[in-house]
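Here is a short report on a two-chain model. Read it with the structure open.

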Amino acid sequence: MSKREETFLLEPERYEFRALPMHQFALGRRDFFRIFGAGLAVFAVAKDVSAVQETAPGPRGFHNEELPKEIGAWLHIGEDGTVTGFAGKAEIGQNVRTSLAQTIADELGVAFASVRMVLADTALTPFDAGTFGSRTTPTITPQLRKVAAAARELLVAKAAKQWNVPAEKLVAGDGKVSDPVSGKSLNYAELAREDIGAQIPLVEDAIKPTSQWTIAGKPIPKADAREFVTGGHRYTTDLRPEGMLYGKILRPPSFGATLISYDNSVVKEWSDVVLVRDGDFVGAAAPTVARAEAALAGLRVEWKEVPQISDAEIFSYLKKNAQPSNEPRFRQAKGSMEDGLAAAAHKLDASYAVAYIAHAPLEPRAAVAQWTNGKLTVWMGTQRPFAVRDDLADIFHVPERNVRVIVPDTGSAYGGKHTSDAGLEAGRLARASNGRPVKLVWTREEEFTWAYFRPAGVIDVKSGIAADGKLTAWEFHNYHSGTSGIATPYAVANQVTEYHQVPLVLRSGSYRGLAATANHFARETHMDSLANAAGLDPLEFRLKNLTDPRMRAVLESGAKAFGWPRKKSAEGQGFGVAAGYEKGSYVATFAEIFVDRAKNSVTVKKLVEVFECGAIVNPDGLRNQVVGAMIQGLGGALFESIQFEKGRISNSHFSSYRVPRFKDVPEIEAILLDRKDIPSAGAGETPIMAIAPAIGNAFFDATKIRLTKLPLHPELHLLG
Amino acid sequence: MAIGLELEINGEKYSVHYPPDTPLLYVLRDELGLTGTKYGCGEGMCGACTVLLAGTARRSCQIPVSAAVSKPITTIEGLEKNGALHPVQQAFLDAGAFQCAYCTSGMIMSSVSLVQSNPHPSAEQIVQSLQGNICRCGTHPRIIEAVERAAKAIQGRSK
């Protein structure tokens, strides 16, 4: 699948996938497997083609473009018994380095500690479109299981041949193949040492059922955890290759500004500074950050600015500038809204809005780039190393095989590290730096300004319910924010769901859960209003309109843990519920808040969330992700919003862009439902999306004031 | 104008040549390679760059290197003694109190400062003293748990 085709099928709100790179340069594709020593290498092909095996009697050299792109994972068993798994996914704090190694260890039958993962290195790992969409667990985990099962079967076959006994009489596990009858055993290291032969086992049937998991499903601590408590782990921002220079980019004063004059006469003779001007791109590389900054400060430049939309007018702009689309996937309809509304005892129309918000990963975007003999290596904290490689190859007009992108385990991303910007910038500066590596670390202000945002959006809902509380009509229009989670999980015969594209105002793109947070906020708030209109309990109303047993299960188990319906024990108390389904997983969130009108304050006291994503691979890592999403969700729910005027971000610092801190964290209970009978889905996103509506609904319960915009800023509404 | 400065970091003496107003953070990271101390904002608002200066948690991005002269500096790299983790490091490890872990160094340094000055911190005091440290992954409950565990471990050790 080409890059263009692949993006076409993605959610439309991944605007950054289709955006041009931030820079266009005026000027003028992989060697692989050297690292494989002798041993056994097994590849799995996606699309359920059986595994392909390669034996590696000695160092091999072949290019990975010779391998079909369907290959998503492979592994190698060294002569010392070390197992190495390879996948193109990046570790960004979601703990896949651990969960993927667990999967291999479980399937192959070796200790967790003997498995190491090589991740997100375009020269060493299989092609991967990117670490997004909660896809690692549902796609890579089964592939690694397949290769691990294939490897295990090959090792068993080898032992069977050597002992002249049927393979099915042998047992594989604990890093060895044993014959329970004769008591003989050979460890994997010994078996991997020799040529395995050409047999390709049918691995589909060989994969362990969840009931036989021994290492998967267990709360194994984060791989390499010690490195993170000692400061030993090297993030991209920490790299210091020999001879490295520090880069700085001259940013325009506002979005869309173009460079109209450039005078470098003051600094051009600075012998320790590399100055680059390429179109509107201006940057410097120098022995220190301060020196690079000084060089840029010494330039005399003029920019031509252009008018820009401000935050004050954004919502009306989005409604007015919706563009007609003939993409059928953007509009889903069934039944007749007219009939549905005619059958309704209560009708309710409402409009909802969500602000732009920033990912604000604590490790800012950063890259280290080095050119050596026309080949470029870039270390970068990115979720899409192969896309970055392709962008670098395009922009520098070099073959893809001459570009290598390596992703050190990264200081978080949340959907924000999909673009190539920092890599392109560091690469451009490095190209002028005579072979010296250049490190570029975006400042916090650059992060808040030149990255991209979760898009703002407006959502209009029209609805009707019958006297018995059953939904009769549901019409849902999302302007700009996107399609994720747009389809209602509630049963309603007459419905229209439509996404309306609007030209970008701010650079926008993916964020944890994408538009699912906006769509769930609108839908679950609206459902709460409908329950109120019908005089029904909000939970009862939802269950009345739900048939999906998994969604019912998360709601029912949350209600039990929370004690829903709860009696108010204090003035100002409010309880709210919200739920949803997205990307193969289910969530229900219950919130207790406390409103103190005298102090004009609103406190979230407690959140209970139930999450179900099929069979749990690592309950400890999953709990971290779920609780983390809940806390991150508090920011977008309560106070996070990007403010902008005249093409400038007005709150580009942590002092003015508020993110959740310790005092904002309520009592949290996360309940993980483990469905061993259902294939594992990803979990990075869905747990965030019901937080905002649960809190907004609790605020309504406490005050009878309905909040329809994110962030809720509930305290602002107490004054009337 | 760069001047010669003597620093004492993790019990070792270092001579550096830097403009005196350079934030300590950049000297630690760029000059001395002590990259366990992280850049998160450069504005004293996130706590990722926290070090101990004369035993107290300080944001190294806000301290001119000249102000750190003749005061002992401890960074995350200086906590481990003879291969044994500091009880706060061990507690973070045991509690799994990290996700991307980029904030972890700063969280640990702030927590060390807390438990050194207050061996019996309440949950409220922990929250108060870590309020300036940002964790974007939302690992706060485990971080509080880790500090509580560390305080208990230190009390147990001193008995």
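In α1(B), the residues L24(B), L25(B), Y26(B), V27(B), L28(B), R29(B) and D30(B) are buried. Buried means that 20 or more other C-beta atoms lie within 10 Å of a residue's own; exposed means 12 or fewer, partly exposed is in between, and C-beta atoms are placed from the backbone. Helices (H or I, at least four residues) and strands (E, at least two) are DSSP runs, numbered from the N terminus. α1(B) is thus a mostly covered helix, with seven of its eight residues buried. Its cover includes α7 (289-297) of chain A together with β2 (12-18) of chain B. Just after α1(B), G33(B) takes a positive phi of about 70°.

This is a predicted model: local features need pLDDT of at least 70, side-chain atom pairs count only at pLDDT 80 or more, and totals for chains, interfaces and linings use all residues. Residues are numbered from 1 along each chain as its sequence is written, while chains are lettered from A and ligands numbered from 1 in the order in which they are written.

**Chain B and its contact with chain A**

Chain B has five helices and five strands. Along the sequence they follow the pattern β-β-α-β-β-β-α-α-α-α. The radius of gyration of chain B, taken over C-alpha atoms, is 15 Å, close to the 15 Å that the globule rule gives for 159 residues, so chain B is as compact as a globular protein of that length. That rule is 2.2 Å times the number of residues to the power 0.38. The C-alpha atoms of chain B fill a box of roughly 45 × 35 × 25 Å along the principal axes. Of its 159 residues, 57% count as buried.

Two residues are in contact if their C-beta atoms, placed from the backbone, lie within 7 Å. By that test, 41 residues of chain B are in contact with 49 residues of chain A. On the chain B side, α1 (24-31), α2 (87-95), α3 (104-117), α4 (123-130) and α5 (140-158) each supply at least two residues. By class, that side has 21 nonpolar, 15 polar and five charged residues. Here Ala, Val, Leu, Ile, Met, Phe, Trp, Tyr, Cys and Pro count as nonpolar, Asp, Glu, Lys and Arg as charged, and the others, Gly among them, as polar.

S105(B) is found in helix α3 of chain B. S105(B) is buried, with 28 other C-beta atoms within 10 Å. Leaving aside neighbours within four places in sequence, S105(B) is in contact with G231(A), G36(B), T37(B), K38(B) and I76(B). S105(B) and K38(B) are 67 residues apart in sequence, yet 7.4 Å apart in space, C-alpha to C-alpha.

**Chain A: core and strands**

A nonpolar core is a set of buried Ala, Val, Leu, Ile, Met, Phe, Trp, Tyr and Cys residues joined through C-beta atoms within 7 Å. The largest one has 250 residues, and A151(A) and I695(A) have the most contacts inside it. Helix α4 (residues 136-163) of chain A gives the largest share of this core, 11 residues. Beyond four places in sequence, A151(A) is in contact with L40(A), V42(A), L75(A), I77(A) and L108(A).

Two strands pair if DSSP finds at least two bridges between them. β23 (residues 573-582) of chain A has nine of its 10 residues buried. β23(A) pairs with β24 (residues 585-596) of chain A, antiparallel, over 10 bridges. The two form a hairpin with two residues between them, and K583(A) in the turn has a positive phi of about 50°.

**Backbone points in chain A**

| Site | Feature | Place |
|---|---|---|
| W564(A)–P565(A) | cis peptide bond, omega about -5° | P565(A) in the loop between α15 (549-562) and β23 |
| L710(A)–P711(A) | cis peptide bond, omega about 0° | P711(A) in the segment after β29 |
| S134(A) | positive phi near 50° | loop between β5 (115-119) and α4 |
| H397(A) | positive phi of about 55° | loop between α10 (385-396) and β18 (403-406) |

S134(A) counts as buried, with 23 C-beta neighbours inside 10 Å. H397(A) counts as exposed, with 9.

**Confidence**

pLDDT is the predictor's confidence in each residue, from 0 to 100. Chain A averages 91, and 90% of the residues score at least 70. Over residues 26-35 of chain A the pLDDT is below 50. Where pLDDT is low, the predicted coordinates should not be read in detail.
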